[in-house]
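User: I'm new to this structure, so please give me a close look at its side chains and tell me what they sit next to.

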2 protein chains.
Amino acid sequence: MACYGREEGFVSANSRLTIAAHALAWIGLYQRRGHDVATSEQIAGSANTNPVVIRRLLGELRRAGLVESRRGAGAGWALARELESITLLDVYDAVEPGPLFAMHRATPDQECVVGYGIRPAMQGIYGGIEETLRAELARVTMQDVLQDVLAVPRQ
Amino acid sequence: MACYGREEGFVSANSRLTIAAHALAWIGLYQRRGHDVATSEQIAGSANTNPVVIRRLLGELRRAGLVESRRGAGAGWALARELESITLLDVYDAVEPGPLFAMHRATPDQECVVGYGIRPAMQGIYGGIEETLRAELARVTMQDVLQDVLAVPRQ
DNA sequence: GTGGTCGTAACACTAATCGTTACGACTCAC
DNA sequence: GTGAGTCGTAACGATTAGTGTTACGACCAC
């Protein structure tokens, strides 16, 4: 590629949230510079990945109502909402389906006191922690992200 | 502490934290009932997994100073610290090495404004969020976990 | 029509975890 | 000492998720 300029829950701290935020920031900046749509190839060039990866991720963001896509010639992607109104939690929910921590793969021994109570206990604890995480993600908007991106000193 | 800059970081919200907490709660309760050491086979029976999985996890907890093991006949595992002094953050740090969110696998286009600034920007944002997560994990002790486990109504 | 772009299926590759077997190392009871 | 029981750990396969890539149909501006 050219060098472009519950029972089971898996979260997988992968780069999906990072790439999705990258794509949104790129589209937002591109639109502010006067363009109407961005192509998956342009975004993939900036993120140094494959356009199909971008199309897959942006497809999930479209299902969440964050972006729109147009097909055909001169087509591409545009924001469906302002950067100010999109939080990292919106993006997280769009691209990360599972819970943060998973329970046992196989049901623990229900005859054992610990095996019986561990799942409800951990679910309660994890639930509270996940709520805190979501609140933190909701505090950051994509406008904040773009601002931080542009504030990085170019040395 | 989280090390962000690396090329690939996988956390994988797997069940490692859950199983580790299960094992610690089991050992703690077993000791309170008058026994001195618990075997990996007993714990594996309660967690419905393989004793080797338990030994591997407890080995990481031992390296973190949370449990001790004895070999030989009549050997097994014992707590190295009281349940009250072990937090979920201690367990998390012992069994989950990577950061919560990963950066791009490949370096983004440094000629692009977004590609250049996105990593430092996201690292700052992720760092703050991860600190909050760690603070939440630190608020829960293994004694709290055991208490919650035993408080689950047996119907 | 033609060309450019999305939409998506298909596949290979990588990485992490888990389950399992196997076996050596160790230590207690005798 | 000997034997039995347990840990310590290597090795391997299976499973899962994500990523990168190719391919090709669908769609639309011109």
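Analyst: Let's start with a cysteine. Cys112(A) counts as buried because its relative accessibility is 13%, where buried means under 20% relative accessible area, exposed over 50% and partly exposed in between, using a 1.4 Å probe and protein chains only. Cys112(B) is buried too, at 11%. As for disulfides (cysteine sulfur pairs within 2.5 Å), the count over all chains is 0.

A quick word on the ground rules. This is a predicted model, so local features need pLDDT of at least 70 and side-chain atom pairs count only at pLDDT 80 or more, while totals for chains, interfaces and linings use all residues. Residues are numbered from 1 along each chain as its sequence is written, chains are lettered from A and ligands numbered from 1 in the order written, and side-chain values use heavy atoms, leaving out hydrogens and water.

Now the rings. Over all chains there are 6 aromatic pairs, meaning Phe, Tyr or Trp rings (for Trp, the six-membered one) with centres within 6.5 Å; planes under 30 degrees apart are stacked, over 60 edge-to-face and the rest tilted. Phe101(A) and Tyr126(A) make a tilted one, 4.7 Å centre to centre with 35° between the planes. That pair links distant parts of the chain, 25 residues apart: Phe101(A) is in the loop between α4 (88-95) and α5 (113-138) of chain A, and Tyr126(A) is in helix α5. Both Phe101(A) and Tyr126(A) are buried. Elsewhere, Tyr92(A), Phe101(B) and Tyr126(B) form one aromatic cluster.

Some rings have a charge over them (NZ of Lys or CZ of Arg within 6 Å of the ring centre and within 35 degrees of its normal). Arg154(A) lies over the face of Tyr116(B), 4.3 Å from the ring centre, and Arg154(B) over that of Tyr116(A), at 4.4 Å.

Finally, the DNA. Around strand D there are 30 residues, and Asn14(A), Thr49(A), Ser40(B), Arg62(B) and Gly72(B) come nearest; near means a heavy atom within 4 Å. The residues of this surface split into 9 nonpolar, 11 polar and 10 charged. Of the strand D atoms within 4 Å of the protein, 64% belong to sugar or phosphate and the rest to bases. On the phosphate side, a polar side-chain atom of Ser15(A) is 2.8 Å from a phosphate oxygen of strand D. On the base side, Arg71(A) puts a polar side-chain atom 3.1 Å from a base nitrogen, and a side-chain N or O atom of Arg55(B) is also 3.1 Å from a base nitrogen of strand D.

How values were computed
A polar contact is a pair of N or O atoms within 3.5 Å; within protein, one must be able to donate a hydrogen and the other to accept it, and residues adjacent in sequence count only if both atoms are side-chain atoms. Ala, Val, Leu, Ile, Met, Phe, Trp, Tyr, Cys and Pro count as nonpolar, Asp, Glu, Lys and Arg as charged, and the others, Gly among them, as polar. Helices (H or I, at least four residues) and strands (E, at least two) are DSSP runs, numbered from the N terminus.
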